[in-house]
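I keep these notes as a record of what I looked up in one protein chain. Each entry takes up one topic.

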Amino acid sequence: MLTNSMLLHKVETSPPPSPTGVNNPRLQARHTAGAKRQKYLRRIFKFQQMDFEFALWQMLYLFISPQKVYRNFQYRKQTKDQWARDDPAFLVLLSICLCVSSIGFAIVLKLHVLAFFKFLLWVVFVDCIGVGLLIASLLWFVTNKYLRSSSSAAPQDVEWGYAFDVHLNAFFPLLMILHFLQLFLLKPVIAHDWFISYFLGNTLWLIALSYYIYITFLGYSALPFLKKTVVLLYPSMLAVISIYVLSLIMSWNWSRGLMDFYEFRVL
């Protein structure tokens, strides 16, 4: 049963603010990207103001029905005139998941304390944030440059903050599959040279990357002013499936390669 907090997120469907104050400089300043970013950052340490319950709901539905998550982004645009999140609760919970999964990897890989912190910093600032900044910026540029519909009555842009939110949404299932589920199978099965080892490990990678691509596609297809967003789905899926089949033919164990890479970069 949905709580009152969740219902508020799901049923707020009132129209966007009246455009009567469009020429008001103070109102415009309040809606700039810089103002939204400052408001978001100011709330990042105010845990009592964060809706962790709803953030957990989003994490659950990113697995079972990601379309519902992006429906909430549409409600936010209607009620708060922005697509990107204004509540950092999701980012805080994702950071906790990254820390917990890193502890698990440190135990499995038998990392000493210094190596663990190096590994944690790499996972957070390179794997999640660094790669996310790169992908979000690339897709933000591509969608604004090539996929915006010219028939829209009021031209709109893809917000960079929304592009990064799409990355975080897509990254969470990938993290759960590769850094949690795979962790229990890594040493007993996946780390060996058997066919079942690289078949199982590579299949988990295929599922994780497919989730990432599909949720990313849903994020941009939810924007009504973008067209032909399927170009973000089919070529990427075809490439991932082709590499997966090739890896099985060549007996290439993605997970074992990742494990060796992690051990190499923290020692």
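The entries below go from the whole chain to single residues.

**Entry 1: Ground rules**

I note that this is a predicted model, in which local features need pLDDT of at least 70, side-chain atom pairs count only at pLDDT 80 or more, and totals for chains, interfaces and linings use all residues. Residues are numbered from 1 along each chain as its sequence is written, and side-chain values use heavy atoms, with hydrogens and water left out.

**Entry 2: The whole chain**

I looked up the secondary structure and found 12 helices and zero strands. Helices (H or I, at least four residues) and strands (E, at least two) are DSSP runs, numbered from the N terminus. I then looked up burial, where buried means under 20% relative accessible area, exposed over 50%, and partly exposed in between, with a 1.4 Å probe and protein chains only. Of the 267 residues, 45% count as buried. The accessible surface, from the Shrake-Rupley method with a 1.4 Å probe and, for residues, only the protein chains shown as cover, comes to about 14,600 Å². Carbon and sulfur atoms hold 69% of that surface.

I also looked up contacts, meaning heavy atoms within 4.5 Å. Among contacts with a separation of 6 or more, 77% are between residues 24 or more positions apart.

**Entry 3: Leucine 139**

I chose leucine 139 as an example from helix α7. Its relative accessibility is 15%, so leucine 139 counts as buried. Which residues does leucine 139 contact, leaving aside its neighbours within four places in sequence? I found Thr216, Tyr220 and Leu232. Tyrosine 220 is 81 residues from leucine 139 along the chain, yet their C-alpha atoms are separated by 9.2 Å.

**Entry 4: Salt bridges**

I counted a salt bridge wherever a side-chain nitrogen of Lys or Arg is within 4 Å of a carboxyl oxygen of Asp or Glu. How many salt bridges does this rule give? The count comes to six.

Aspartate 165 pairs with arginine 85, with the closest N and O atoms 3.5 Å apart. Aspartate 165 is in helix α8 and arginine 85 is in the loop between α5 (66-80) and α6 (89-109), so the salt bridge ties together parts that are 80 residues apart in sequence. Are these two residues buried or exposed? Aspartate 165 is buried because its relative accessible area is 5%, and arginine 85 is buried at 6%.

Aspartate 81 forms a salt bridge with lysine 77, and here the closest N and O atoms are 3.3 Å apart. I recorded aspartate 81 as partly exposed because its relative accessible area is 25%.

Arginine 148 and aspartate 157 meet through their side chains in a salt bridge of 2.4 Å, N to O. Arginine 148 is partly exposed at 34% relative accessibility, and aspartate 157 is partly exposed at 48%. I also noted one network, in which Arg76, Lys80 and Asp86 are joined by salt bridges that share partners.

**Entry 5: Glutamate 159**

I found glutamate 159 in the loop between α7 (113-147) and α8 (160-181). Its relative accessible area is 19%, so glutamate 159 is buried. A polar atom of the glutamate 159 side chain lies 3.0 Å from the backbone nitrogen of tryptophan 83.

**Entry 6: Cysteines**

I looked for disulfides, each being a pair of cysteine sulfur atoms within 2.5 Å. The count comes to zero. Cysteine 97 is in no disulfide, the nearest cysteine sulfur being that of cysteine 99, 9.3 Å away. Why does cysteine 99 form no bond with cysteine 97? Their sulfurs are 9.3 Å apart, which is too far for a bond. Cysteine 97 is buried at 17% relative accessibility, whereas cysteine 99 is partly exposed at 32%.

**Entry 7: A nonpolar patch**

I looked up surface patches, which are made of residues with over 30% relative accessible area and no salt bridge; like charges are joined within 9 Å and nonpolar side chains (Val, Leu, Ile, Met, Phe, Trp, Tyr) within 5 Å. One nonpolar patch of about 720 Å² is made by Ile241, Ile243, Val245, Leu246, Ile249, Met250 and Trp252. Of these, I checked valine 245, which is in helix α11 (residues 234-249). Valine 245 counts as partly exposed because its relative accessibility is 41%.

I also compared isoleucine 241 with isoleucine 207, which is in helix α10 (residues 195-221). The two are 34 residues apart in sequence and 10.0 Å apart in space, C-alpha to C-alpha. Isoleucine 207 is partly exposed at 38% relative accessibility.

Notes. A polar contact is a pair of N or O atoms within 3.5 Å; within protein, one must be able to donate a hydrogen and the other to accept it, and residues adjacent in sequence count only if both atoms are side-chain atoms.
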